Amino acid sequence: MGDIDNTQGSSPEQPGGIPQGLAELAGLRLVEDWASLPHSLLGIVFRRLLEQLVTVEEIVRAWQALALVCQSWQAALRASTPLCLELSKPAHLSAAARRWLSRVPMEVVVLARTLSFPAGADCQLLAAEGFQQHSASVLRSLMHVSPDAAPLLHSFSKLKQVAIYCSDPSDRARRIDAAVFHQLPKLNCLTIAGYWGVFETDQLPSRLKHLALSNYNEHYSLEVTLPPSLKQLELLSLRSAGVVLDWMDACARCQEIHVAAEAAVLGVGSEPVQALIREVGLTNLQQHMYKQVGAAMRDGEHFQEATLAFFNLMLFSGPLDRGVMPIDADDFLQTLRDDLLPVGIDVNPALEVHPEFVTDVPSQEACFVLELVKQEAGKPKSLHFTTPVTDAEVRLLTSQPVWRISWCDDPRAHQLLSDPAFIAQSRDTLTDLLSIPLVPELDLRPFRKLLSVLGTLRCDAAALPAVLRRMPRSLESLCITAEGSPEPRDFDAGLVRHLRALREVSLYGHRRHDLAGLRRGVNMVRILNPIVARGEVIGTGANYCWPDLGSQAGEEEEGSSSRGDDSEWEEEGAAKLHADSASAASADSFDSADSVLRGGGGGSGSGSPPAAGGAAAAWTDSKVEPTAAAGTTAAPAAGMQQQEQQQQGEPAGSPGSGASAAAGIAAAAVEEPDAHAAAADDDDASSSSGSSSGSETYVDAEHGGHGHKHGGAEEERHSKQSCLDPFCPCTPARPSCRSR
């Protein structure tokens, strides 16, 4: 203690390597209360507290409670605790709300696209002198502002992520000037969405890393030309009724490319078509252009993956006005497979409803979706086949390890799986088999790491027990589809009782479902598109026999399960439901907090922020999902591809009050010197909280959503791993197209 007491002041880097935040703390004498703590440390504590809250109303009340403690805390809130808010209600941009937002530092502002805010409210907020004074140096993400707000962006030089949303369908010809984005020196993620007419992409700043363009106009053709100075894009996302893209150039400069269009037109070279005909011949022209599509991905210096979702795909070479060539789907896919599989690029086609199509909504009907992923060299591969494998593909499969194979109805599948060369390569790596024909000769026992099988019945009922007995004991997920069988099929769970690791069972198109013999380790059962009589309710009646939980509760299981407890079939008691505290009206929250800020001084606050605990619903280990009604059809392969890698988050803590929760977090904050060091950098300030409305979960434009835990420790870095922009389409692709 003597050394600390004698230390005066601090330096950015202490000789002993102590981070600046800890050095500053060590240079202080023992403080008598929290008011004397340095603002950087208080900022860490406040951010941890506010991150536990969900709604804007909760954050406003908590901020108010903290500001009322004393002037030192209010100063720390202003200096070290920029906020991250999603404004999802009209009241969030009311006059009172704008006054409050103009008096606090904001790091992230997200406007909900689904609601109508007061006309010009976003422009009034950005133009407010107070908002510019407090947020100009910390605002780094501004999402879904109107195009009228674009000329005001130059006041916020730290902006890294901007989304312009044109919500007015009557202004379909609106021009968006790309020059305004050159005034933002740190901008690297840009989204333009909605109803707009002209946007000159060749005038974009060269520092961009993510570019997402989504045009909602009917029959609009989005032609994209990247500026020559833009050497590398981490992600390019394009959605429009029509998309015209120089595919060769895009693959040379982009890591990820996502195109969703009713008609996609890809340029595959600069040489005019007439010159190509003279060079390769008219009969070989189509094949040549197909190969150019694959060559662009194979030779692309930065290319990693692409997703094309379309109803029509056409290719062109040279000037676009000389005509385009529609593809023949089968020949096109086979050419891509021949050229790309040997170089480690997986070709995964599907016919499905694309979740993010034109106008950022699911496609109205199934469209063609083509995923192309460059897989890591030296790692097991993932391969998808939509036609029977060729001899060249057999040689490929038997020469390297694979972890997943998606088949078509290929009669050679079981022969390949029993090939000694294939077994030697993939015995310890194969984990997923999709759309495998369940024929009498199939034997999967050599693959001891196999976890998931989606099989199509291609054997009679008498042969099925033997096929299932030859499944490996490691199997955790089994899907059997009877659709297309010449006669109705029944399922008896007793046939899979030997699979002790089994956790999920999915049945497509069966008539009778005898599930009484399921092991208690199975915690998920899916019944899809069963054969039912008119008026019959799925899951009831003589065609469904469920496990008797009462009789199984005391039954002793033979042997022990490889994972889990045999008591999993026992019903759990009803879980307690914790209702969220009711939030006060938005306007009241902003008005109350605004009065505190106008007062300027701190004091002892009577109010406390509400608890942030979520409701816990009762559940049982066995979940039954009858997901198809009578007379409907289902696509088993597409449905089962959704069963991969689900992540579960831990519930946030529930702070009791502003001051008490801050005190509780202080001990943890002191134990994290790295966090202190990051907080000491004013230029790289971290955000204080994440929020979403109680009625709406904010969804990322490309694939899901991001939490609002923003930090600026790496101000210049913007990558797939670090991007936390709620609208940025940068995120890992769907599990079905990822390699291991």
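A residue counts as buried when its relative accessible area is under 20%. Cys254 has a relative accessible area of 0% and is therefore buried. The model described here is a predicted one, and the same cut-off is applied throughout the report.

**Overall content**

The protein has 740 residues, and buried residues make up 52% of them. Its secondary structure comes to 21 helices and 26 strands. Of the contacts between residues at least 6 apart in sequence, 64% join residues at least 24 apart.

**Cysteines and Gly267**

A disulfide is called when two cysteine sulfur atoms lie within 2.5 Å. By this rule the count comes to zero disulfides. Cys254 is in no disulfide, since its nearest cysteine sulfur, that of Cys251, is 7.8 Å away. Cys479 is also a buried residue, because its relative accessibility is 0%.

Gly267 is found in strand 11, which covers residues 254-267. Is Gly267 buried or exposed? Its relative accessibility is 2%, so Gly267 counts as buried. Leaving aside neighbours within four places in sequence, Gly267 is in contact with Leu245, Asp246, Trp247, Met248 and Phe316. Val293 lies 26 residues from Gly267 along the chain, and the C-alpha atoms of the two are separated by 8.7 Å.

**Helices 3, 4 and 5**

Helix 3 runs over residues 39-50, and at 1.5 Å a residue its 12 residues should span 16 Å. The C-alpha atoms at its ends are 16 Å apart, so the model agrees with the expected span. Helix 3 is mostly covered, with 10 of its 12 residues buried. Those buried residues are Ser40, Leu41, Leu42, Gly43, Ile44, Val45, Phe46, Arg47, Leu49 and Leu50.

Part of that cover involves contacts with another helix. Which residues of helix 5 meet helix 3? Ser72, Trp73, Ala75, Ala76, Leu77 and Ser80 of helix 5 meet His39, Ser40, Leu42, Gly43, Phe46 and Arg47 of helix 3. The axes of helix 3 and helix 5 (residues 71-80) come within 9 Å and cross at roughly 80°. Angles from 65 to 115 degrees count as roughly perpendicular, and helix 3 is therefore roughly perpendicular to helix 5.

Helix 5 also packs against helix 4 (residues 56-67), where the axes come within 7 Å and cross at roughly 135°. At this angle helix 4 is oblique to helix 5. Trp63, Leu66 and Ala67 of helix 4 make the contact with Trp73, Gln74 and Leu77 of helix 5. Trp73 and Leu77 of helix 5 are thus named in the contact with helix 4 and also in the contact with helix 3.

**Parallel strand pairs**

The strand pairs considered here are listed below.

| Strand pair | Sense | Bridges | Opposed residues |
|---|---|---|---|
| Strand 17 and strand 18 | parallel | three bridges | Arg404 and Asp432 |
| Strand 18 and strand 19 | parallel | five bridges | Ile436 and Gly455 |
| Strand 22 and strand 24 | parallel | five bridges | Val505 and Val525 |
| Strand 23 and strand 25 | parallel | two bridges | Asp514 and Cys545 |

Strand 18 (residues 432-438) pairs with strand 17 (residues 402-406) and with strand 19 (residues 452-457). Strand 18 is mostly covered, as seven of its seven residues are buried.

Strand 24 covers residues 524-528, and five of its five residues are buried, so the rest of the structure largely encloses it. Where do these residues sit on the strand? Met524, Arg526 and Leu528 lie on one side and Val525 and Ile527 on the other, so that both faces are covered. Val525, on the second of these sides, is the bridge partner of Val505 in strand 22 (residues 504-508).

**The sheet of strands 21, 23 and 25**

Three strands form an open sheet in the order 21-23-25, with parallel pairing. Strand 21 (490-492) and strand 25 (544-545) stand at its edges with a single partner strand each, so one side of each has no neighbour in the sheet. Strand 23 (residues 512-514) pairs with strand 25, and within this pair Asp514 stands opposite Cys545.

Note on methods. Residues numbered from 1 in each chain as written. Predicted model: local features only at pLDDT ≥ 70, side-chain atom pairs only at ≥ 80, totals over all residues. Heavy atoms only, no water. Helix = DSSP H or I, 4+ residues; strand = E, 2+ residues; numbered from the N terminus. Expected span 1.5 Å × (residues − 1). Buried < 20%, exposed > 50% of the residue type's maximum accessible area, 1.4 Å probe, protein only. Contact = heavy atoms within 4.5 Å. Pairing = 2+ DSSP bridges. Axes fitted to C-alpha atoms, helices over the stretch in contact; angles between N-to-C directions. Parallel < 35°, antiparallel > 145°, perpendicular 65-115°, else oblique.
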